[in-house]
Amino acid sequence: MNDMSSPPAVHSPEPAHAATNRLDYRVPDWQVPEIALDFALSPEATRVRATLSVTRTAPNAPLRLNGDGIAVATLSVDGQVHNHWDMDGNDLVIMLPGDRHEVTIETVINPVANTQLSGLYASNGLLCTQCEAEGFRRITFFPDRPDVLSRYQVRMSGDKAQFPVLLSNGNPVASGDGPAGTHWAQWDDPWLKPSYLFALVAGDLVAQRDSFVTMSGRKVDLAIYVRPGDETRTDHAMRSLIASMAWDEKAYGREYDLDLFNIVAVSDFNAGAMENKGLNVFNTRYILADPETANDGDYDAIEGVVAHEYFHNWSGNRVTCRDWFQLSLKEGFTVLRDQQFSADRGSAPVKRIEDVRVLRAAQFPEDSGPLAHPIRPDSYQEISNFYTATVYNKGAEVIRMMDVMTGPERFRQGTDLYFDRHDGQAATCEDFVKAIEDGAGIDLAQFRRWYEQAGTPRIDVTMAHAGDTVTLTLKQTVPPTPGQPDKQPMVIPLRTALFDRATAKHSGEHLLVLTDAEHTFTFTGHATAPVVSINRGFSAPVALNNPLADADLVFLAAHDDDPFARYEAMQQLVVQHLVAAITDKLSDTARDSGRAAIGEAFAKVVADPALDDLMRGEFIILPGEGYLAEQLDPVDPGRVRAEREGLKAWLGTHLSEAWRALHDRTAAISGAASGTFSLDPVSRGARKLKTQALVYLAAADPAEAIRRAAAQYAAADNMTDRQGALMVLCGLDTPEREAALADFARRFAGNALVIDKWFSLQAASLHPHAIEHVKALAKHPEFTLANPNRARALYMGFMANTAAFHDPSGEGYRMIADLILTLDPINGSLAARFVPPLGRFRKFEPGRAALMRGELERIAAVTTLSRDVREQVSKSLG
Ligand code: TRP
Ligand code: ZN
């Protein structure tokens, strides 16, 4: 363990780990058409016997098998003890005389000691696996790369009382009792798959079962396995699964291909969930829900993640990745598919706004920082570091642009061809683009730059009007990123409409496709200068600089018929104002007129009878501190917090009657007052606005907000209302805060997912002493770094709290650096996730930048860092 009280000794930094480069790809020397695995399960010493049928594809090459932290116990070839092998670092290299052999290797692994949660590990009494990206090599020696596709036969045996349920991929083919209270099961997966899709789960689990009949009439048995006691909280996940299966048939023509589909929920998990063939493994947080313990956002996240993993069955499993540089082939496409699914299930415009908000909060900063990379990276040291918002979310945006340009029918012809052409293959992003080109009939030659160039393109818009003609000039700049100083122009599809001021209408939307560095478009028939609405629906993932007068933004916020554009106008109105205020560019009169414009837009939105509450809620969310910081150079986070809170307080006061009325109205629609909990849009909209009204009131009139929040907390019959009220109380220095926190902890004691909320609410709160709270919480008996959800709840919550994390003392930076050093030996890939916020030091004012950099250097000086943390820290320091 790291001793955090004494500073680490300073050594010269280790040489950077060898990079893997995309262009070095070579086809494998050997294939493994079949593998039989036999597990003798035991928490501290599981014996794994792997029998590989190997076939040579390159003359003379030895068989090279990857391993990680494992040793050969026995090795035989074609049934004979074989001594012609060697270790080359972690790789097992076996000299083989012929072109086909059967290689049997035994290893012994210790799941309980596996704190990295990669490979076979223990969680809450269960044994489970996580093999993506390179975890299979922690179980047995194997060519652990996604272009080696094998047929898996799995046998496992273990203590029947300890492991009553034994699961793996594919179909169960046999089971029975063994000696001394053991039992065994055999599973056979008929579909060829790469090693990263292998899974095994053993333990005391109960299943919720249902079934689904596919479009060709096959019945599929569905089961969601959870720990006993949790089976009452799986209904929403099951509904989501069934809806996903139906949707993929209708939207993409994709049918499920096994007779059963199993999901297991585990409480220790590095990511959200994993798409193992026929046996998805989930973080409990994306499965378990009931109204008392899950908020509306949790319900949405469950639906989205269940769909995401299910959709991987085609976009990921049937067509997999040739190598890990192609990760966006499965992830970008699957994110797009889950976004489309969720849009169809609920409010499409609200979903689009949420997705763009995530992109801007998580991906834009990545694209403008030292870790920027294209959606198809060219090089990595540790692939775990490339499961990023760029590969996932920007990857989805890039494919969405293809859809925008082709239209949905032709896009579907493209995806049909892709699935057809590459079914059963390990494919590349290039294969995907080519299939869309061929199937949809579109030339994507220049568009491919989206796969090659990192950085968020910036579009500068100028409009001129003369006579009846409008001239729009669009200039694109793709900023330099590490290793890519000069950029080529991108293909940028921008949905655009020109609004007549008098009628508040436009005469049809245009799809402007920008291909050059500068592009001019003319439109005739405009007697007066129109208001231009551009990048409607966020048709391209760019940063648009379209300077509009406040009055024009108020106009679009009220009249644009594209809901996203309406939201965007509201955001731009607020962003322009806050950026000017933060950078001291506002005179008192400009501040007043800016606030007045924002107040007018808010008042219209709050009162607009044509809006449903879910959408109304989107329009009144202030741009986040992180997104505001993106617009500033350098950033002073204290100023961002102060101006944003100042505007919130002003709106709270200016519209106080409206907020009170809104809180009264929504409190009556949902919550205990209505007597029943519902996920319908009216109830959800009411719950969303109820807490938003409290947020504005809290900024203006804390005493009244405390009264209302305490009442909302006490009356709550659901987690959305309860958590919202607690969040508001948590930001205020008041005795009601302590009372509510104590009640919450008592009420939900033993429910790990809810206790995570308790930690993260305090870490992310507006309370002036948030740093002290986090320090104390780190010593709380319920806190542990061994559980990723708990570690993330406290420390990701804290890093999202920009004013606290960026406390001018540097205490926040030190705390995170200490965390990284303590967590690294336990779970390196999780530790690496905390590095990027420190790595953005160049964005901040010099005092903070130096403190952040100093902490990165302190980490870099440690010689024993994981490859994960080493890569992120050294790239951040540049
Ligand atoms: N493939 C998974 C998904 O997209 C992501 C994932 C699961 C993962 N487990 C992981 C990524 C472990 C890195 C490490 O849903
Ligand atoms: Zn995925």
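Two strands count as paired when DSSP finds at least two bridges between them. Keep that rule in mind as we walk through this structure, which is a predicted model. A good place to try it out is strand β5, residues 74-77, which pairs with β6 in the antiparallel sense over two bridges. So this pair meets the rule, since at least two bridges are needed and β5 and β6 have two. If you look for Val77, you will find it standing opposite Gln80 in β6.

Now let your eye travel outward from that pair. Strands β5 and β6 belong to an open sheet of eight strands, which run in the order β6-β5-β9-β3-β2-β12-β15-β14 with mixed pairing. Which strands form the edges? They are β6 (80-81) and β14 (171-177), and each of them pairs on one side only. As general background, strands of a sheet pair through backbone hydrogen bonds, either parallel or antiparallel.

Let us step back to the whole chain. The secondary structure comes to 28 helices and 31 strands. Along its principal axes, the C-alpha trace spans about 90 × 65 × 60 Å. Is the overall shape what a compact globule would give, or something else? A compact globule of 878 residues would have a radius of gyration near 29 Å, and the protein chain has 28 Å, so the two agree. Among contacts with a separation of 6 or more, 70% join residues that are 24 or more positions apart. The protein chain exposes about 32400 Å², and carbon and sulfur atoms supply 53% of that area.

The domain assignment divides part of the chain into domain 1 (20-293), domain 2 (319-452) and domain 3 (458-547). The C-alpha centres of domain 1 and domain 3 are 49 Å apart.

What lies inside? Buried residues make up 59% of the 878 residues. In soluble globular proteins, nonpolar side chains tend to be buried together. Here the largest nonpolar core has 116 residues, and those with the most contacts inside it are Phe602, Trp659, Tyr795 and Ile816. Helix α10, residues 563-582, gives the most to this core, with ten residues. The core also draws at least three residues from each of domain 2 and domain 3. To see how one of its members sits, zoom in on Ile816: leaving aside neighbours within four places in sequence, Ile816 is in contact with Tyr795, Phe798, Met799, Phe805, Phe834 and Leu838. Apart from this core lies another, of 81 residues, including Val226, Val306, Met401 and Leu472.

Polar residues can be buried here too, and two of them are worth a visit. Arg641 lies in helix α14, residues 637-654. Its relative accessible area is 14%, so Arg641 is buried, the cut-off being under 20%. Not counting residues up to four places away in sequence, Arg641 touches Glu625, Leu766, Asn801, Thr802 and Ala803. For a sense of scale, the C-alpha atoms of Arg641 and Gly89 are separated by 50 Å, with their positions 552 residues apart along the chain. The second is Gln326, found in the loop between β22 (320-321) and α3 (327-345). With a relative accessible area of 2%, Gln326 is buried. Its contacts, leaving aside neighbours within four places in sequence, are Arg22, Cys321, Arg376, Ala427, Thr428 and Cys429.

We finish with some details of the backbone, beginning with cis peptide bonds. One joins Glu132 and Ala133, with omega about -5 degrees, and Ala133 sits in the loop between β11 (126-130) and β12 (150-159). Another joins Asp633 and Pro634, with omega about 0 degrees; Pro634 is in the loop between α13 (625-630) and α14.

Then there are residues with a positive phi although they are not glycines. Phe538 has a phi of about 50 degrees and lies in the loop between β30 (531-534) and β31 (543-545). Asp584 has a phi of about 60 degrees and lies in the loop between α10 and α11 (588-607). Which of these residues is buried, and which is exposed? Phe538 counts as buried because its relative accessibility is 1%, whereas Asp584, at 62%, counts as exposed because exposed means over 50%.

Methods
Residues are numbered from 1 along each chain as its sequence is written. Chains are lettered from A and ligands numbered from 1 in the order in which they are written. This is a predicted model: local features need pLDDT of at least 70, side-chain atom pairs count only at pLDDT 80 or more; totals for chains, interfaces and linings use all residues. Side-chain values use heavy atoms; hydrogens and water are left out. A nonpolar core is a set of buried Ala, Val, Leu, Ile, Met, Phe, Trp, Tyr and Cys residues joined through side-chain atoms within 4.5 Å. Buried means under 20% relative accessible area, exposed over 50%, partly exposed in between (1.4 Å probe, protein chains only). Helices (H or I, at least four residues) and strands (E, at least two) are DSSP runs, numbered from the N terminus. Domain bounds come from an automatic or database domain assignment. Contact means heavy atoms within 4.5 Å. The radius of gyration is taken over C-alpha atoms; the globule rule is 2.2 Å times the number of residues to the power 0.38. Accessible areas come from the Shrake-Rupley method with a 1.4 Å probe; for residues, only the protein chains shown count as cover.
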